[in-house]
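Me: Hey, can you walk me through this one? I'm new to reading structures, so plain words please.

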Amino acid sequence: MTKNFPKLNEQMDLIRKGVEEIIPEEELEKKIIKGIKNNKPLRVKLGADPSRPDLHIGHGVVLKKLRAFQDLGHTAVLIVGDFTAMIGDPSGKNKTRPALTFKETKENAKSYFEQAGIILNSKDLEIRNNSEWLSKMSFEDVIKLLSNSTIARLLERDDFSNRYKNGIPISVHELLYPFAQAYDSIAVKSDIELGGTDQKFNLLLARDIQREYNQIPQVIITMPILEGLDGVNKMSKSLDNYIGLTEKPNDMYGKILSIPDELIIRYFTLASDLSVNEIDKIKSDLENGKNPRDAKHELAFEITKNYYSIDDAKNAADAFHKLVIKKDIPDDIPEYKCSSENILLADIIFDAKMVSSKGEAKRLIKQGGVSINKKKITEFLNKINIQNGDIVKIGKRKFLKLVLSD
RNA sequence: GGGUCAGUGGCCGAGUGGUCAAUGGCAUCAGACUGUAAAUCUGACAGCAGUAGCUUACGGUGGUUCAAAUCCAUCCUGGCCCA
């Protein structure tokens, strides 16, 4: 199979977009030149962590970079850490992560691929489980592997040294994680490995180890960690500041609009497919007084479009204007069947699972957060008379359509 | 192995026998306001209950007491010091 690789400059331009570091850049150029000359795609490794089944656009940053390599004709090698999931990557963590069972790992891996598949091209994609080689290693093999580094080196890592200083436990097996990951690179003979900046240590260690095992060390490319909706912390599910890859277009659009203005360019760079030139244009427009709101709408549109379609993005934009700006009601609202016309409002919204307890329902009503047909209801003790088709609004974004059934 | 300290609500962290469903901060939710689902201000924030009542909660279990998050015993988890 012959491939037509783009020229070095073209490749480098695309690769450089948004990256934090390329270590070392000259080696990358050499590898690319060699690839073009020998007509051989580079093997670009990315470790998938099956302990986190829900991907968000923060994960998308690095997946997009991997996709960029695929678009350039290279081979994406996705490693499922089914074996290492038993350890749990300590990167960026301040506590030991619970080990997963094999079954959980499998299920998570499945949903990981469904979601990563949104971004990656299924061609030029090689998927490997690291249990394939790690489970076969003997204790002797492990000792050989571990003899390539020192405790001092491991403790240099921020994650570990912070935990150590602050008296937070570090289990010994966590120290082995970077070695397992490094060994993956040897097993798949990676030319390049991608990761977030929090992976830098692990990625670099693999270079040393590959050298010990007589392989040409991989080039490492780190991507910035995308901030979440709060604009401060990294995007993560546990902080609930994330935009899921599989979120509905409307939610995706709305959530993007809620990012702080300062993050607009960063999001364009890391999460959209716009070219560096296009992004520079937006940047200068903003500096010349363009309303950030408009730029943010463009951003929301772009990202939603990439994950769905132009039409979906348009619809999401319309829905946002309707729901949030004009405070209108959305088109599709869940229905709730009422058997009686006389009923407590609190019971309805609790039963329809719009709130997690009746106390919460009462609280919302008391605070004026619930309305029927745009009329606020603030008395939670009175029963209400319902008409078929009444629209109940709960809080800012939840709606319920009442349907009488007899 | 010995000693010692700690484990509190989504998180951080007060509280050392009754006045504790438990101060405060963060997060969250609602209302007002706004270009925004931002910022700010106000309020709420265990569950059940037609409203001062009940239930479940301060690592687990058992106990002392009229009464325990607070005391005792034991177990689990972890930190630190010594070996």
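Me: What classes of residues make up the surface near RNA strand B?
Reply: In this predicted model, the surface near RNA strand B has six nonpolar, nine polar and ten charged residues. Near means that a heavy atom of the residue lies within 4 Å of the strand. Ala, Val, Leu, Ile, Met, Phe, Trp, Tyr, Cys and Pro count as nonpolar, Asp, Glu, Lys and Arg as charged, and the others, Gly among them, as polar.

Me: Predicted, ok. Anything I should know about how the values and numbering work?
Reply: Local features need pLDDT of at least 70 and side-chain atom pairs count only at pLDDT 80 or more, while totals for chains, interfaces and linings use all residues. Side-chain values use heavy atoms, leaving out hydrogens and water, residues are numbered from 1 along each chain as its sequence is written, and chains are lettered from A and ligands numbered from 1 in the order in which they are written.

Me: Back to the RNA. Which residues are the closest to strand B?
Reply: Ser-258, Phe-320, Lys-358, Arg-363 and Arg-397 are the closest of the 25 residues that surround RNA strand B. Of the strand's atoms that come within 4 Å of the protein, 69% belong to sugar and phosphate.

Me: And the bases? Which side chain has an N or O atom 2.8 Å from a base nitrogen?
Reply: That's Arg-397. Gln-367 also has a polar side-chain atom 3.1 Å from a base nitrogen of RNA strand B, and for Lys-296 the partner is a base oxygen, 3.3 Å from a side-chain N or O atom. A polar contact here is a pair of N or O atoms within 3.5 Å; within protein, one must be able to donate a hydrogen and the other to accept it, and residues adjacent in sequence count only if both atoms are side-chain atoms.

Me: Which helix gives the most to that surface?
Reply: Helix 17, with five residues. Helices (H or I, at least four residues) and strands (E, at least two) are DSSP runs, numbered from the N terminus.

Me: Zooming out, how many helices and strands does chain A have?
Reply: There are 17 helices and 13 strands. The C-alpha trace of chain A spans about 80 × 50 × 40 Å along its principal axes, and 46% of the chain's 406 residues count as buried. Buried means under 20% relative accessible area, exposed over 50%, and partly exposed in between (1.4 Å probe, protein chains only).

Me: New topic: how many salt bridges turn up in the whole structure?
Reply: The search finds 25. To count, a side-chain nitrogen of Lys or Arg has to be within 4 Å of a carboxyl oxygen of Asp or Glu. One of them joins Lys-31 and Asp-191, with the closest N and O atoms 4.0 Å apart. This pair links distant parts of the chain, 160 residues apart: Lys-31 sits in helix 2, and Asp-191 in the loop between helix 9 (172–188) and strand 5 (192–196).

Me: Are those two buried or exposed?
Reply: Both Lys-31 and Asp-191 are buried.

Me: What about Arg-153, which residue does its side chain meet?
Reply: Asp-208, in a salt bridge of 3.0 Å, N to O. Arg-153 lies in helix 7 and Asp-208 in helix 10 (residues 200–212), so the pair ties together parts that are 55 residues apart in sequence. Arg-153 counts as partly exposed, at 24% relative accessibility, and Asp-208 does too, at 26%.
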